[in-house]
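I opened the model to look up how the strands pair and what sits across them. These are my notes, in the order in which I took them.

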Amino acid sequence: MNEQRLQVAGGREIVLPMSKAVEISIRSLKIRFGRSLITTSGIILAIAFLMSVWSSNALIGSLKEANKSEINLLLQKNGIETASAEGGRSSADARAQAQEERSKQTWLIGLSLLVCVVGIANAMLMSVTERFREIGTMKCLGALDSFIIKLFLLESTFQGVVGTTIGIAIGLLMTLGLNLLAYGGYVFSYFPVGGILQSVLASLVAGTLLSLVGAMLPAYKAAKMEPVEAMRSDT
Amino acid sequence: MSTVEKTPSEEQRTVVRTQQVKKIYKMGNTEVQALRGVDLEIYTGEYLSLMGPSGSGKSTLFNMVGGLDKPSEGKVYIDEVDVAQLDAYELAWLRCRKIGYIFQSFNLIPVMTALENVTLPMVFAGLTSDESRDKGMVLLEKVGLGERHSHKPYELSGGQQQRVAVARALANDPAVVLADEPTANLDLRTGTEIIELLKEMNASSGVTIISATHDHKMLSVSDRVVWIKDGQVERIADRADLDIEVTQVGGEEQ
C-alpha cells in the first residue's frame with residue numbers, strides 16, 4: 001500500500017546497472033591494489049597447486065597408458081607403478097597403494113583450497129570494515145542490500161578469475177618443467193590434450209567458485225550495514 | 001538577509017512531522033531515553049537548524065527525521081508517509097529520491113570522480129548515463145565546481161569536497177536535504193561558504209534544509225532553530241526572534 005503511494009509520488013524503481021557495478025568494483029580493486037594482490041596471490045598459489053596435481057596426474061596417466069618399455073623404465077625410476085611391473089607385486093597391493101596415494105592427494109588439495117577460502121574471506125572482511133562509511137553512504141544514497149552484495153561478489157570474482165588464470169599457467173608450467181626433466185620428449189609425444197584441458201576448466205571453475213564462496217559472508221555483512229554508519233565521524 | 005518571501009499557504013505544507021517520538025536505547029540492563037516525546041513539524045522550503053549539545057538527543061532526532069532510524073514509540077512522517085511502515089526497498093527508494101544527505105566528513109566515494117559522485121544517486125534512480133551526466137554537470141556548475149568534474153575526492157580541498165556533496169544531495173531533486181554538522185570539518189571561511197551555498201540552494205530550488213549543528217553561523221541563515229535538550233524540544237525560535245538575537249551579538253551558550 002505504501003509502495004503504491006511512493007510509486008505514485010515518484011515513478012521508476014531503484015537500479016544498479018551491471019556495467020556501472022562492474023566499473024565501481026574494478027576501481028575499488030585498483031585503489032586497494034596492494035591488498036587485492038595479496039588476496040589474488042592466495043588464489044594463485046592454491047590453484048597452481050591444484051592445477052599441477054591434476055595435470056601431472058593426466059600426464060603420468062597418459063604415459064602409463066602408452067605402456068612402452070623405455071617409458072615404463074623411466075616411470076619406475078621415479079617410483080611409479082606400471083603395468084609391466086606388476087610381476088613383482090600382486091595387483092591388489094598396487095591398487096591399494098594407488099588408492100592411498102589418491103586419498104592423500106585429495107586431503108592436500110582440500111586443505112589448500114580451504115586455506116584459500118579462509119584467506120579470501122579474511123581479506124574481504126577487512127575490506128568491508130575498512131569501507132563501512134562508504135557502504136553506509138551508498139545506502140543513504142538509496143543503494144539496496146543487493147547492490148552492495150553485487151559489488152562485493154563482483155570484486156571477489158574478478159580477483160578469482162585473474163588469480164585462477166595466473167595460477168593455472170604457473171601450475172601447468174611447473175608440471176611441464178618437472179616432467180620434461182624426468183621423461184624428456186615423451187611428455188610431448190604422449191601429451192594428454194583432453195586431460196589437460198579438463199584440468200584447466202575444472203581449475204577455472206574451482207577458483208571462481210572459491211572466491212565467490214569466500215566473499216559471501218563478508219558481502220552479506222556489508223549489505224546488512226545500517227546507513228547510519230555513514231554518519232559516524234570517527235576513523 | 002532572507003531573500004525569499006514565502007506565502008502563508010506554502011509555509012503551511014508540512015514535509016516532515018514527528019508525533020510523540022520516543023527513542024529508548026538499551027545499554028546492558030539500563031535503559032537510556034534518548035528522546036522523550038518530540039513533536040515537531042518541518043515545513044516545505046524552510047531552512048531549519050537543530051541545535052543542542054552532544055548527548056541531547058539531537059543526532060537521534062536528526063537520524064529519525066532522515067529515515068535512518070526508527071522510533072521506539074511515536075511516529076515519523078516524511079512526505080506524509082509513515083516511515084515505520086516502510087520495508088527495506090521502500091526505505092531505499094525514499095532515501096534515493098526524497099532525501100539528500102550531507103555528512104560531517106563529506107563521505108564522497110573515494111574511487112569516483114566529482115561528477116560520478118554526483119551522478120551515483122541518479123544512476124540508482126534509473127536515469128540514463130547521458131541524462132545523469134548533463135544533470136550532474138549542471139549541479140556541479142551550480143556549486144561552482146564545473147571545471148573540476150573529473151577530479152577525485154583526494155584531489156579536492158575539504159570545502160570543495162563538501163560542495164560536491166551538496167551537489168550530490170540535490171541529485172534527485174529531493175524534498176529534504178539533511179546536513180549533519182556540515183561545517184564541523186571546515187575552517188571558518190569555508191564553513192561560511194558552505195552555509196551560504198546551502199542557503200542559496202534553499203532559496204533557488206525551494207528544497208527544505210534540515211541541519212544538525214553546533215555552528216552559530218547557521219543561526220543567521222535559518223528560518224527556524226530548534227534547540228534540543230535532554231531528549232526534548234527546549235525551544236523553537238523563528239526568523240523574527242533570531243534576528244534580534246543575532247544583532248545582540250549572540251551571547252548564547254557555546
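Before starting, I fixed the term: two strands pair if DSSP finds at least two bridges between them. The model is a predicted one.

Entry one, β9 and β10 of chain B. I looked up how many bridges join β9(B) to β10(B) and found six. Strand β10(B) covers residues 232-238, and the two strands run antiparallel. For a register point I took Val225(B), whose bridge partner in β10(B) is Ala237(B). The two strands form a hairpin with two residues between them. In the turn I noted Asp230(B), which has a positive phi of about 50°.

Entry two, β3 and β9 of chain B. I then asked in which sense β3(B) and β9(B) pair, parallel or antiparallel. The pairing is parallel and runs over four bridges, with β3(B) at residues 47-51 and β9(B) at residues 224-229. Here I recorded Leu48(B), which has Arg224(B) of β9(B) as its bridge partner.

Entry three, the open sheet of chain B. I traced four strands in the order β2-β1-β4-β5, with antiparallel pairing. The edges are β2(B), 30-43, and β5(B), 81-82, each of which pairs on one side only. I checked β4(B), residues 73-78, against β5(B) and found two antiparallel bridges. Ile78(B) stands opposite Val81(B) of β5(B).

Entry four, a helix. I looked up which strands α2(B), residues 58-65, lies across. They are β1(B), β2(B) and β4(B), and the helix runs at about 130° to β1(B), which spans 14-27.

How values were computed: Residues numbered from 1 in each chain as written. Chains lettered and ligands numbered in written order. Predicted model: local features only at pLDDT ≥ 70, side-chain atom pairs only at ≥ 80, totals over all residues. Contact = placed C-beta atoms within 7 Å. Axes fitted to C-alpha atoms, helices over the stretch in contact; angles between N-to-C directions.
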